[in-house]
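Please open the structure in your viewer and keep the selection panel at hand. The tour below suggests what to select at each stop and says what is to be found there.

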2 protein chains.
Amino acid sequence: MGRWEPNARGRLEQAALELYVERGFELTTVAEIAERAGLTERTFFRYFADKREVLFAGAGTLRELMVGALAGAPESAAPIEAVAAALEAAGAVLGERREHARQRQAVIAANPALQERELIKLASLATALAEALRQRGVTEPAASLTAEAGIAVFKIAFERWVGGTSQPDLPQLMRESLGELRAVTAAG
Amino acid sequence: MGRWEPNARGRLEQAALELYVERGFELTTVAEIAERAGLTERTFFRYFADKREVLFAGAGTLRELMVGALAGAPESAAPIEAVAAALEAAGAVLGERREHARQRQAVIAANPALQERELIKLASLATALAEALRQRGVTEPAASLTAEAGIAVFKIAFERWVGGTSQPDLPQLMRESLGELRAVTAAG
């Protein structure tokens, strides 16, 4: 083991994002990321399996956060309200770093393989939310439909927030988007 | 150009699915598919770019079908009703071949790269439906939210149908699942 480096993970993440934006994901090497962060490649691999994982390392934490919020919603909450709690929890955490999110989104938008990975992340979030709803006693297909609807809201609200120029609050955009989903499905 | 072979596309598709189920997608070669179909590799490549495309060749047609049905919905139809028309049109066509769909689904479920491709197909369907809704004058984020909700229904209804043992009608399952989505989003 090398010596302890303060905030090595954060420095590597920041260096990687900068390089992916500057020269593209494909052309960036782990050696360059480590160098930019003032760390060694060996340190890089202590935190990330490869350069792609820098962009997706938070997925597991996000899933646990959302599942935890859903499971912690009041017993009396309807399934869609439990999902709303998960969305707001995600919004509160992700919403703290818009510039980071914006850079990450730009890198992903430029690379089809990363877009696929992002879609898998969202599909896996939907699966986890559906499972958490079933744990609350919600039956199928309501559990899967509610979870998929929640992920649709997550995706759209996140895109609006990342692409926006004003400073709206991500949890608020999540709430608004869910309200809009409810309005469009109720119409007609 | 070789001589014309009756239903070459269908024979290749059937042979490929059989082989993917029997020995796995990865281990199947184009030469084996052509042989099983009683055709040449050259004929295979006249219809499909590679062995993966056998599983996804219908994606473009499905998208056009759904976009067409959405665009053709009465002007007075609410966005979610126009999406319902797209879902029913898809259900009517896909619903004719459950055994085929079941085999295809089993092959995809066994291969992560194919699952990714399937997710991309669904994401691209959502994008196309959102664009078709905007063409009808639906504004954002309602267009994207309605389209994503529709694809969530498509996905769940299709899974229920493929996994089911009775003989429900896919368009009917699409309608029922949409009704359930409306019920879960309205609750609470």
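The stops that follow go from the whole assembly to a pair of helices and then to a pair of domains.

Begin by colouring the two chains separately, bearing in mind that this is a predicted model. If you superpose chain A on chain B, the operation is a rotation of 180° with 0.0 Å of shift along its axis, and the RMSD is 0.0 Å. The two copies are thus related as by a two-fold rotation axis. Next, select the interface residues of chain A: 100% of them are also interface residues in chain B, so the copies meet through the same surface.

Now hide chain A and select residues 8–23 of chain B, which form helix 1, together with residues 98–109 of chain B, which form helix 7. The axes of these two helices are 9 Å apart and the packing angle is about 45°; helix 1 of chain B and helix 7 of chain B are therefore oblique to each other. Helix 1 of chain B passes helix 7 of chain B in a left-handed crossing. To see the contact itself, show side chains for B:Leu17, B:Tyr20 and B:Val21 in helix 1, which meet B:His100, B:Gln103, B:Arg104, B:Ala106 and B:Val107 in helix 7. Sorted by class, this contact has five nonpolar, two polar and one charged residues.

Finally, return to chain A and colour it by its domain assignment, with domain 1 at 8–54 and domain 2 at 58–186. Their C-alpha centres lie 27 Å apart, and the contact takes six residues from domain 1 of chain A and nine residues from domain 2 of chain A. On the domain 1 side, the touching residues of chain A are four nonpolar, one polar and one charged.

How values were computed: Residues are numbered from 1 along each chain as its sequence is written. Chains are lettered from A and ligands numbered from 1 in the order in which they are written. This is a predicted model: local features need pLDDT of at least 70, side-chain atom pairs count only at pLDDT 80 or more; totals for chains, interfaces and linings use all residues. Copies are superposed by least squares on the C-alpha atoms of residues with pLDDT of at least 70 in both. Two residues are in contact if their C-beta atoms, placed from the backbone, lie within 7 Å. Axes are lines fitted to C-alpha atoms, for helices over the stretch in contact, and angles run from 0 to 180 degrees between N-to-C directions. Helices (H or I, at least four residues) and strands (E, at least two) are DSSP runs, numbered from the N terminus. Angles under 35 degrees count as roughly parallel, over 145 as roughly antiparallel, 65 to 115 as roughly perpendicular and the rest as oblique. A crossing is left-handed if the near helix is turned anticlockwise from the far one by less than a right angle, and right-handed if clockwise. Ala, Val, Leu, Ile, Met, Phe, Trp, Tyr, Cys and Pro count as nonpolar, Asp, Glu, Lys and Arg as charged, and the others, Gly among them, as polar. Domain bounds come from an automatic or database domain assignment.
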